[in-house]
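The following paragraphs lead through a structure, beginning with the surroundings of its ligand and then turning to the sheet. Please keep the sequence and the coordinates at hand while reading.

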Amino acid sequence: MSVHMPPERNRKYMEIVAHLESCFERHGDTPQGVDWPNAEDALLRHHIMLDLVRPAPSRRVTLLDFGCGLSHFYEYLRAQRVKRIDYVGLDVSKRFVAASRKKFPRNTYYCLDLLRNHGTLPVFDYVVMNGVFTEKVTLSYEEMLRYFTALVPRVFRHARVGLAFNVMSKHVEWERDDLFHLPYDELAAFLIRDVSRHFVIRNDYGLYEYTAYVYRERWPPRPPSPPSRRPRSRTSRSRAPKSSARARRTRRRSGGRRGG
Ligand SMILES: C[S@@+](CC[C@H](N)C(=O)[O-])C[C@H]1O[C@@H](n2cnc3c(N)ncnc32)[C@H](O)[C@@H]1O
C-alpha cells in the first residue's frame, strides 16, 4: 500500500537520512560519517560531480550541493582552488546542516524537504546530488524508485543549466539489498519523459555506481563547423613535411573519410 502513496506523505526516505545520521554519530566528520566506504573514492566522486560544470572561462556560476552532508564537496572545491563557483548547501537533516554551518558559517545553507516545501529555494546554475540516491536502506526498490522519480524533477526546476546525481550500477558482480541499483534503460526512459532528453550517463570512473549529468540544453549548442582550410602561401607549402603530401594522396584514394 505504501508503494502507491506519494513519497512525501509517508516520508519513508527519512529512514535513509536517519541511517546516515547514525553513521555521522559513529564516525564523525569523515567520509564514513556520510556512509562512503573510503576517502579515496569519496574524493573521486567529488571530482566527477565537478565535471558537471561546463567550461565558461570568464563567468562565475552558482552551484547547489543538494544533500550536502558535512560539506565535503565544498572542502574539495577549496582544496582544488576552484574560484569561479559560488557554493550553497542544502540538506534535509538538521544535524548535517548544523555541522556544516558550524564548519563554514559564511556559507549559505538551506535545511528543507523539497518534496514538501515549494517556493523558498532559488534557482542555481548547477545542482549536484552526490550520494542522495545510492542507498535505499530499508526502502523497497519500488519505494525508492518513486522517491527518486518524484525528487529529481523537483530538483531540476532549481537547475538553470544542469543537474548531476549518482546511483548504483546493475553491471556489478553482485547487488546489495540496501543499495539502489537502477538499470540505464529505466533511467533514460524516465529522464526523457519527465526531466530532459539532454543527458550523459557517465560510467568510466571505475566505481560500482554511475553518474548522470542532465542538462536543459543540448551540447554543443550547434554542431561544430568543419575545420576551415588554411590559405596556402608559398612559404607554408614549401615548409609542409613530405609525409603530408603522402597523407593527402592516401586520403584522396580512401575518399577522404576519417576512420572506418
Ligand atoms: C551519502 S550522504 C552524502 C553527503 C555529501 N553529498 C557527500 O558526498 O559528502 C547523502 C546526504 O543526502 C542527504 N539527503 C538525503 N535525502 C535528502 C533529501 N530528500 N533532501 C535533502 N537532503 C537529503 C542526507 O541527509 C545526507 O546528508
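A residue counts as near a molecule if its C-beta atom, placed from the backbone, lies within 6 Å of that molecule. The model is a predicted one, and there are 21 residues around the ligand, among which Gly67, Gly69, His72, Val92 and Gly131 come nearest. In chemical character, the shell around the ligand divides into 12 nonpolar, 6 polar and 3 charged residues.

Where in the chain do residues of this shell come from? At least two residues each are supplied by α2, which spans 14–27, by α4, which spans 72–79, and by β2, which spans 85–91. The largest share belongs to α2, with 3 residues of the shell.

The strand β2 also leads into the sheet, which is open, has 7 strands and mixed pairing, and follows the order β3-β2-β1-β4-β5-β7-β6. Its edge strands are β3 (108–111) and β6 (198–202), each of which pairs on one side only. From one strand to the next, the twist averages 20°. Helix α4, already met as a contributor to the ligand shell, packs on this sheet, where α4 touches β1, β2 and β4 and has a direction that makes about 165° with that of β2.

Within the order of strands, β4 stands between β1 and β5, and its surroundings deserve a closer look. Is strand β4 (residues 124–129) enclosed or open? Because 6 of its 6 residues are buried, β4 is largely enclosed by the rest of the structure; the criterion behind this reasoning is that a buried residue has 20 or more other C-beta atoms within 10 Å of its own.

On one side, β4 is joined by 3 bridges to strand β1 (residues 61–66), and these two strands run parallel; Leu63 has Tyr126 of β4 as its bridge partner. On the other side, 5 bridges join β4 to strand β5 (residues 159–168), again with the two strands running parallel, and here Tyr126 stands opposite Gly162 in β5. Tyr126 is thus a convenient residue from which to follow the pairing, with Leu63 as its partner and Gly162 opposite it in β5. Between β4 and β5 the chain crosses through helix α6 (residues 141–156), and the resulting β-α-β crossover is right-handed.

Beyond β5, the pairing is of the antiparallel sense: β5 and strand β7 (residues 209–215) pair in this way over 7 bridges. Within this pair, Val167 stands opposite Tyr210 in β7.

Note on methods
Residues are numbered from 1 along each chain as its sequence is written. This is a predicted model: local features need pLDDT of at least 70, side-chain atom pairs count only at pLDDT 80 or more; totals for chains, interfaces and linings use all residues. Helices (H or I, at least four residues) and strands (E, at least two) are DSSP runs, numbered from the N terminus. Ala, Val, Leu, Ile, Met, Phe, Trp, Tyr, Cys and Pro count as nonpolar, Asp, Glu, Lys and Arg as charged, and the others, Gly among them, as polar. A residue is buried if 20 or more other C-beta atoms lie within 10 Å of its own, exposed if 12 or fewer, and partly exposed in between; C-beta atoms are placed from the backbone. Two strands pair if DSSP finds at least two bridges between them. A crossover is right-handed if, with the strands pointing away from the viewer, the path from the first strand over the helix to the second runs clockwise. Axes are lines fitted to C-alpha atoms, for helices over the stretch in contact, and angles run from 0 to 180 degrees between N-to-C directions. Two residues are in contact if their C-beta atoms, placed from the backbone, lie within 7 Å.
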